[in-house]
Amino acid sequence: NNNIRIAIDGPAAAGKSTVARKIAERLSIVYIDTGAMYRALTLKALQNNVNIEDEQSLIHLLKKTTIQLKQTDHGQIVYLDHKDVSSDIRTQAVSNAVSIVAKHRLIREEMVDRQRKLADNINVVMDGRDVGTHILPMAEVKIFLIASVEERALRRHKENISKGFSSDLDQLKQEIIKRDERDSKRASSPLVQADDAIAIDTTSLSIEEVVEKILKEVSQFH
Ligand code: C5P
């Protein structure tokens, strides 16, 4: 295997997707946002009134669902059954429900299967919660991004405001804490740092500084 596979994991709103996208651009490799896939399924479940605690109903739904990720110059487009849902999957309703959908073992197995196929035999940077531990355990570079919950909530808050969305800093903080707790405590592939991952605390770093640190790790494989 001559491919370079970069796994970026970490808690909610740690800057994983921003950093992963920039790495993909700099190295001209494919970016795969695994969280977007769980978000797309969650959106479909909510739209179809599927009980998100019911694993069997969810897996039935997922089996007949197509999720595609496409990178463009204007960012990522997420297609759910061939319909663009890029902004619909970022709503508060989806963010609050997604970690319930993602806790089910059958859902995770199917998603991991799809994610491995997407990454098969290509150079790739993938971000999520279980990339380094489960999806690509043989990834050449594994990064675990962390930042204080205050900093993460503040970044999301500023992002919301810049997009013209209403935003409540304290509420964001509570939602991030809750999602991290669900992601860390689930039985099936919980959010945990891989033994061989490099932890980067981004609290006082700029995006560019984080990108440079990761590129330095990657350069050792070229
Ligand atoms: O990365 P993002 O915050 O968009 O992910 C949304 C949710 O999807 C996470 O909070 C987690 O519950 C789930 N997820 C997961 N495994 C991944 C990626 C995301 O369980 N690899």
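Student: What makes the pair of a side-chain atom of D183 and an oxygen atom of the ligand a polar contact?

Tutor: The model is predicted, and in it a polar side-chain atom of D183 is 2.6 Å from an oxygen atom of the ligand. A polar contact requires a pair of N or O atoms within 3.5 Å, so this pair qualifies.

Student: How do you know that R108 and R186 each have a side-chain atom in polar contact with an oxygen atom of the ligand?

Tutor: For R108, the distance from a polar side-chain atom to a ligand oxygen is 2.7 Å. For R186, an N or O atom of the side chain lies 3.0 Å from an oxygen atom of the ligand. Both values are within the 3.5 Å cut-off, and both pairs therefore count as polar contacts.

Student: How much of the ligand does the protein bury?

Tutor: The ligand taken alone exposes 460 Å², of which 96% is buried by the protein.

Student: Which elements give two or more residues to the shell around the ligand?

Tutor: They are α2 (34-47), α4 (92-101) and α8 (169-185). The greatest contribution is that of α2, with 4 residues.

Student: Why are R39 and D130 said to surround the ligand?

Tutor: The criterion is a heavy atom within 4 Å of the ligand, and 15 residues therefore belong to the shell. R39 and D130 are listed among the closest, together with R108, R179 and D183.

Student: How many residues of each class does the shell around the ligand have?

Tutor: The shell comprises 8 charged, 4 polar and 3 nonpolar residues. Arg and Asp count as charged, so the closest residues, R39, R108, D130, R179 and D183, belong to that class.

Student: Why is the one space of 30 Å³ or more called a cavity?

Tutor: A cavity is a set of points where a 1.4 Å probe fits but cannot get out, which is why the term applies here. The structure holds 1 cavity of 30 Å³ or more, and its volume is about 30 Å³.

Student: Which residues line the largest cavity?

Tutor: The lining includes A7, D9, K142, I143, F144 and V192. Two elements, β1 (5-9) and β7 (141-146), give two or more residues each, and β7 supplies the largest share, 3 residues. By class, the lining has 6 nonpolar, 2 polar and 2 charged residues.

Student: What does the UniProt annotation say of residues 6-219?

Tutor: The unreviewed UniProt entry annotates this span as "domain: Cytidylate kinase". In the model, residues 6-219 are 51% helix and 17% strand, and the end C-alpha atoms of the span lie 12 Å apart.

How values were computed
Residues numbered from 1 in each chain as written. Predicted model: local features only at pLDDT ≥ 70, side-chain atom pairs only at ≥ 80, totals over all residues. Heavy atoms only, no water. Polar contact = N/O pair within 3.5 Å; in protein donor to acceptor, adjacent residues only side chain to side chain. Areas by Shrake-Rupley, 256 points an atom, 1.4 Å probe, with all protein chains shown as cover. 1 Å grid on protein atoms, 1.4 Å probe; cavity = no way out; pocket = protein on both sides within 12 Å on 5 of 7 lines; lining within 4 Å. Points joined across faces, edges and corners; volume = space filled by probe spheres on them. UniProt positions renumbered as here; feature names shortened; annotations may be inferred.
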